[in-house]
Amino acid sequence: MTKALDIVFLGLSLSSSWGNGHATTFRGLLRALHKLGHRITFLERDVPWYAHHRDLRDPDFCELRYYDTVDELRRNHQSDLRRADVVVVGSFVPEGRAIIDDLASLCTGQFCFYDIDTPVTLARVAEDDCDYLARRQIPYFDVYFSFTGGATLERLKSEFGARSAEPLYCSVDPERHHWTGSTIEWDLGYLGTYSPDRQQTLEALLLEPARRLPDRRFVVAGSQYPGDIAWPNNVIRIEHLPPAEHADFYSRQRYTLNVTRTSMIAAGWSPSVRLFEAAACRTPIISDCWPGLDSFFPASAIRTASSADDVTGILLRQSDRARLSMAKQAHSLVLTRHTGAARAREFTSVLRQPRQMRPVLDLNIESAA
């Protein structure tokens with residue numbers, strides 16, 4: 001796409017990475033689009049839990065604006081949305097259904113959805129239990145961009161009526177995620193917000209190995225963990241780790257652990273941004289197993305584990321030479337295929353493709369959504 005585009009994103013959050021993985025994803029993509037010469041605006045619902053934890057207040061790669069209600073969004077930003085070349089609505093946007101209905105008839109440019117939570121979204125949409133997207137709205141989008149690839153893309157079209165479904169995986173910014181040269185402090189670490197469907201795996205692949213190896217050091221960084229978790233004495237807890245500190249955090253680990261949500265494992269082809277961040281920092285990765293993992297990292301670039309025995313075996317028996325070779329391969333793959341710049345090129349390349357005519361919006365069938 002040769003001309004500079006005017007692109008408006010409406011997402012869960014850009015200003016705060018507290019308790020969500022959306023902010024980091026949007027930052028990498030938007031920063032790269034800005035470098036390509038596009039004009040970017042990000043509209044964010046002003047909610048107290050993010051307002052109190054903002055770690056990016058004045059981005060230099062886009063214009064960040066806030067709104068309090070759907071009515072205010074319509075009233076204050078209608079002209080920007082109407083004249084934009086592309087409008088992208090993200091998953092988990094508060095009152096997303098109402099916003100999508102407004103924008104579907106308002107937008108004159110391309111109208112897209114960016115699902116950073118695709119398996120969760122589709123499960124909720126199928127049960128009509130999704131407050132940010134209705135099944136009837138999916139055909140309104142010119143492109144449905146998905147964090148999940150593989151068979152889910154065909155399912156979006158055949159089962160949910162998407163006119164175009166394309167993968168747009170998470171990415172990493174190598175200028176912010178790189179080896180910092182810090183001394184290794186922990187044998188195994190994990191970065192992630194608490195999630196009930198990840199906790200059993202974290203227990204098996206990090207907490208149990210920590211109990212078995214009391215002379216080794218472990219670390220878990222992330223917010224919202226319940227107070228009744230029995231952390232082993234050799235596990236350091238970090239409540240919140242701002243994105244600016246991720247690179248040094250990874251650089252201080254011999255290995256980092258990747259844990260995937262149950263719905264993402266079932267869908268497959270759903271890499272976490274933490275995978276790419278760690279690889280960019282040259283940190284060797286131990287991951288749970290899921291379909292499609294080998295399409296991002298071959299076996300020689302990552303270790304997989306399904307039990308505490310697997311993890312302790314890796315920590316005790318894998319040589320430093322093998323460990324560093326694995327990290328080097330993963331690092332090379334990420335810098336080639338999974339940077340924000342790569343995603344920005346993929347995003348604009350998809351927008352070049354011819355589009356089907358958008359169906360007429362019917363606002364009188366919400367009850368059947």
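Is S15 buried or exposed? With a relative accessibility of 0%, S15 counts as buried, where buried means under 20% relative accessible area, exposed over 50% and partly exposed in between (1.4 Å probe, protein chains only). The structure is a predicted model, in which local features need pLDDT of at least 70, side-chain atom pairs count only at pLDDT 80 or more, and totals for chains, interfaces and linings use all residues. Residues are numbered from 1 along each chain as its sequence is written, and side-chain values use heavy atoms, with hydrogens and water left out.

S15 sits in the loop between strand 1 and helix 1; helices (H or I, at least four residues) and strands (E, at least two) are DSSP runs numbered from the N terminus. Beyond its neighbours within four places in sequence, S15 is in contact (heavy atoms within 4.5 Å) with R27, E44, R54, D55, L56, L64 and Y66.

We can now turn to the sheet. Its seven strands form an open arrangement in the order 3-2-1-4-5-6-7, with parallel pairing; two strands pair if DSSP finds at least two bridges between them. Strand 3 (63–67) and strand 7 (165–167) are the edge strands, each pairing on one side only. From one strand to the next the twist averages 25°; axes are lines fitted to C-alpha atoms, for helices over the stretch in contact, and angles run from 0 to 180 degrees between N-to-C directions.

Within this sheet, strand 1 is largely enclosed by the rest of the structure, because six of its six residues are buried. D6, V8 and L10 point one way from strand 1, while I7, F9 and G11 point the other way. In a regular strand the side chains alternate between the two faces of the sheet. Strand 1 pairs with strand 2 in the parallel sense over six bridges, and I7 has I40 of strand 2 as its bridge partner. Further along, four bridges join strand 5 (residues 110–115) and strand 6 (residues 143–146), again in the parallel sense; here C112 has V143 of strand 6 as its bridge partner.

Helices pack on this sheet too. Helix 3 (residues 70–83) touches strand 1 (6–11), strand 2 (39–45), strand 3 and strand 4 (86–90), and its direction makes about 145° with that of strand 3. Helix 3 also holds D71, which is partly exposed, with a relative accessible area of 46%. D71 and A98 are 27 residues apart in sequence and 9.8 Å apart in space, C-alpha to C-alpha. Helix 6 (residues 151–158) lies across strand 6 and strand 7, running at about 160° to strand 7.

Pockets may be of particular interest here. On a 1 Å grid over the protein atoms alone, a pocket is an open set of points where a 1.4 Å probe fits, with protein on both sides within 12 Å along at least five of seven lines; lining residues have an atom within 4 Å of a point. The largest pocket holds about 960 Å³ of space, a volume being the space filled by probe spheres set on the points. Its lining has 41 residues, and N20, G21, D117, R198 and R261 are the closest to its centre. Helix 7 gives the most to this lining, with three residues. The second largest pocket holds about 240 Å³ and is lined by 15 residues, with R27, R31, R176, H177 and P243 nearest its centre.
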